[in-house]
Amino acid sequence: MKKSEKTKQLILDESWQLFIAHGYQETSTRQIAKAAGIAVGTVFSHFPSKVDILKTAMHQRIDAVIENAISTDKHHSARLKLRHYASHLFDFYLQHREFSQALLTDLLWHQAYFADQISAFKALLFAEQEYDEIKATVMMDCYFMTLLQGLADPASCKDSMLRLLTNKLTLLY
């Protein structure tokens with residue numbers, strides 16, 4: 001790994017720890033730079049803004065959650081696969097509710113950033129059956145709307161979100 005890649009990963013790791021300890025809104029790029037032992041300008045040479053740090057850090061962690069879920073996926077239908085992965089992902093998002101809300105707010109206006117990750121996820125869901133773009137897109141809409149509803153409701157939990165998603169997906173089949 002090159003020095004610049006190591007520095008970038010250090011910024012991501014330190015920022016994640018600060019976001020967890022102090023919250024996303026309360027963490028400044030100055031604090032991130034100090035924790036990483038670098039100049040504030042170095043942070044901005046790797047990331048244009050704090051939300052870009054969050055997007056990259058969340059992207060890495062979401063990939064790790066999906067990789068973990070792949071290891072226990074024994075389902076064959078796209079619907080059951082989505083429910084399986086949603087169980088892991090909803091748990092992650094609820095554990096990190098504040099950053100998840102910030103990320104999803106930004107995602108609404110910058111969908112291109114996650115387009116490849118979402119396309120790969122849709123392909124993963126249909127890995128064992130014929131790919132249907134419309135069905136995959138509607139399934140993702142159900143997933144994201146359930147996620148948004150769950151994150152907006154402080155009383156929501158993974159199980160209630162999974163029930164809601166299951167009810168929505170049942171209408172597709």
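## Close-up views of a predicted model

**View 1. Asp73, Lys81 and Glu128 are joined in a network of salt bridges.** The model shown is predicted. Side chains of opposite charge can pair when their charged atoms come close. Lys81 meets Asp73 in a salt bridge, 2.6 Å from N to O. Glu128 also forms a salt bridge with Lys81, here at 3.3 Å from N to O. Glu128 sits in the loop between helix H7 (115–125) and helix H8 (133–152), while Lys81 belongs to helix H5, so this pair ties together parts 47 residues apart in sequence. Are these residues buried or exposed? Lys81 is buried, at 3% relative accessibility. Asp73 is buried too, with a relative accessible area of 16%. Glu128 is partly exposed, at 44%.

**View 2. Asp52 and Lys55 form a salt bridge.** Their closest N and O atoms are 3.3 Å apart. Both residues lie in helix H4 (residues 50–70). They are three residues apart, so about one helical turn separates them. Asp52 has a relative accessible area of 17%. Buried means under 20%, so Asp52 counts as buried. Lys55 is buried as well, at 7%. How many salt bridges does a search of the whole structure find? It finds five.

**View 3. Ser15 is a buried residue in helix H1 (residues 3–22).** The relative accessibility of Ser15 is 0%. Which backbone oxygen does the Ser15 side chain reach? The partner is the backbone oxygen of Leu12, at 2.9 Å. Leaving out residues up to four places away in sequence, Ser15 touches Ile32 and Ile53.

**View 4. Residues 5–65 carry a UniProt annotation.** The unreviewed UniProt entry lists this stretch as "domain: HTH tetR-type". How much of the stretch is helix, and how much is strand? Helix makes up 80% of residues 5–65, and strand 0%. The C-alpha atoms at the two ends of the stretch are 22 Å apart.

**View 5. Arg83 is a partly exposed residue in helix H5 (residues 78–95).** The relative accessible area of Arg83 is 33%. Which residues does Arg83 contact beyond its neighbours within four places in sequence? They are Leu162 and Thr166. Phe144 gives another reference point: Arg83 and Phe144 are 61 residues apart in sequence. In space, their C-alpha atoms are 12 Å apart.

Notes:
Residues numbered from 1 in each chain as written. Predicted model: local features only at pLDDT ≥ 70, side-chain atom pairs only at ≥ 80, totals over all residues. Heavy atoms only, no water. UniProt positions renumbered as here; feature names shortened; annotations may be inferred. Helix = DSSP H or I, 4+ residues; strand = E, 2+ residues; numbered from the N terminus. Buried < 20%, exposed > 50% of the residue type's maximum accessible area, 1.4 Å probe, protein only. Contact = heavy atoms within 4.5 Å. Polar contact = N/O pair within 3.5 Å; in protein donor to acceptor, adjacent residues only side chain to side chain. Salt bridge = Lys/Arg side-chain N within 4 Å of Asp/Glu carboxyl O.
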